Amino acid sequence: MKPQTPKTLKKRLNEEQVRLLEASFDAAKKLEPERKFQLARDLRVPPRQIAIWYQNKRARWKNQSLELDHGVSQVRLEAALADKRELEKEVDMLRAELRRAQDMLIAGGRVSAVSSCCHEGGGSSLNDDSANWPNVEELYACLMPKGQNCPVSEVINERDYWV
């Protein structure tokens, strides 16, 4: 074992010194030369030791900040993925509704087939000129569960229904 010289001896900081350095670090993350010498004088340690402590503390602080940021990003990602899954379910449901409506149109060949599936069972309000095109209100009423009203009056363009 080598004899320890003053250069290899490492003076550890006591709890009170660390507390003072922590408070100083909380006040300012960057160590100004004037502050370094003042801390070295107050703590009775070499200025180099203060500088190294600050450098190490900044590195640990940065890693902790990155870990926190990563955790927050992970939570946001999981929430976005959950939203995406819900939207995909909704899209699948809407596609199934659209296929069902298209199948009803194809199967009946005429709008009267669509009208007959409606909950109230009312007749078609279409005239003979437009017999090959469905009345959007009737078609949507067929797709809606019983008891739900469709705000069809808010529909701006029938073309919006045919994706």
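The exercises below, each with a worked solution, concern a predicted model.

**Exercise 1. Overall make-up**

Find how many helices and strands the protein has, and in what order its elements run.

Solution. Start with the count: the secondary structure comes to five helices and zero strands. Next, read the order from the N terminus, which is α-α-α-α-α. Then turn to burial: of the 163 residues of the protein, 18% count as buried. Last, take the contacts between residues at least 6 apart in sequence; 48% of these join residues at least 24 apart.

**Exercise 2. Helix 1 against helix 2**

Determine how helix 1 and helix 2 are oriented to each other, and which residues make the contact.

Solution. Two packed helices are described by the angle between their axes and the distance between the axes. Step one is to take these two values. The axes of helix 1 (residues 15-27) and helix 2 (residues 33-43) come within 11 Å and cross at roughly 160°. Step two is to classify the angle. Angles over 145 degrees count as roughly antiparallel, so helix 1 and helix 2 are roughly antiparallel to each other. The crossing of this pair is right-handed. Step three is to list the contact: helix 1 supplies Gln 17, Leu 20, Leu 21 and Ser 24, while helix 2 supplies Arg 35, Leu 39 and Leu 43. Sorted by class, the residues of this contact are four nonpolar, two polar and one charged.

**Exercise 3. Two residues of helix 1**

Decide whether Ser 24 is buried or exposed, then state what Leu 20 touches.

Solution. Ser 24 has its place in helix 1. The cut-off for buried is under 20% relative accessible area. With a relative accessible area of 6%, Ser 24 is therefore buried. Leaving aside residues up to four places away in sequence, Ser 24 touches Arg 35, Leu 39 and Tyr 54.

Leu 20 is also placed in helix 1. Its relative accessibility is 33%, so Leu 20 counts as partly exposed. With residues up to four places away in sequence not counted, Leu 20 touches Leu 39 and Leu 43. Leu 20 and Leu 39 are 19 residues apart along the chain, and their C-alpha atoms are separated by 8.6 Å.

**Exercise 4. Helix 2 against helix 3**

Work out how helix 2 is oriented to helix 3, and what classes of residue form the contact.

Solution. First, the geometry: helix 2 and helix 3 pack at an angle of about 115°, with their axes 8 Å apart. This makes helix 2 roughly perpendicular to helix 3. Second, the handedness: helix 2 passes helix 3 in a right-handed crossing. Third, the residues: Lys 36, Phe 37, Leu 39, Ala 40 and Leu 43 of helix 2 meet Pro 47, Ile 50, Ala 51 and Tyr 54 of helix 3. By class, the contact of helix 2 with helix 3 has eight nonpolar, no polar and one charged residues.

**Exercise 5. A backbone angle in a loop**

Locate Arg 44 and state the sign of its phi.

Solution. Arg 44 lies in the loop between helix 2 and helix 3 (47-108). Most residues other than glycine have a negative phi. Arg 44 is not a glycine, yet it has a positive phi of about 60°. As to surroundings, Arg 44 is exposed, with a relative accessible area of 70%.

**Exercise 6. An annotated span**

Compare the record for residues 77-104 with the secondary structure of the model.

Solution. The unreviewed UniProt entry places the feature "coiled-coil region" at residues 77-104. In the model, this span is 100% helix and 0% strand, and its end C-alpha atoms lie 40 Å apart.

Technical notes: Residues are numbered from 1 along each chain as its sequence is written. This is a predicted model: local features need pLDDT of at least 70, side-chain atom pairs count only at pLDDT 80 or more; totals for chains, interfaces and linings use all residues. Side-chain values use heavy atoms; hydrogens and water are left out. Axes are lines fitted to C-alpha atoms, for helices over the stretch in contact, and angles run from 0 to 180 degrees between N-to-C directions. Helices (H or I, at least four residues) and strands (E, at least two) are DSSP runs, numbered from the N terminus. Angles under 35 degrees count as roughly parallel, over 145 as roughly antiparallel, 65 to 115 as roughly perpendicular and the rest as oblique. A crossing is left-handed if the near helix is turned anticlockwise from the far one by less than a right angle, and right-handed if clockwise. Contact means heavy atoms within 4.5 Å. Ala, Val, Leu, Ile, Met, Phe, Trp, Tyr, Cys and Pro count as nonpolar, Asp, Glu, Lys and Arg as charged, and the others, Gly among them, as polar. UniProt positions are given in the numbering used here, feature names are shortened, and annotations may be inferred rather than shown by experiment. Buried means under 20% relative accessible area, exposed over 50%, partly exposed in between (1.4 Å probe, protein chains only).
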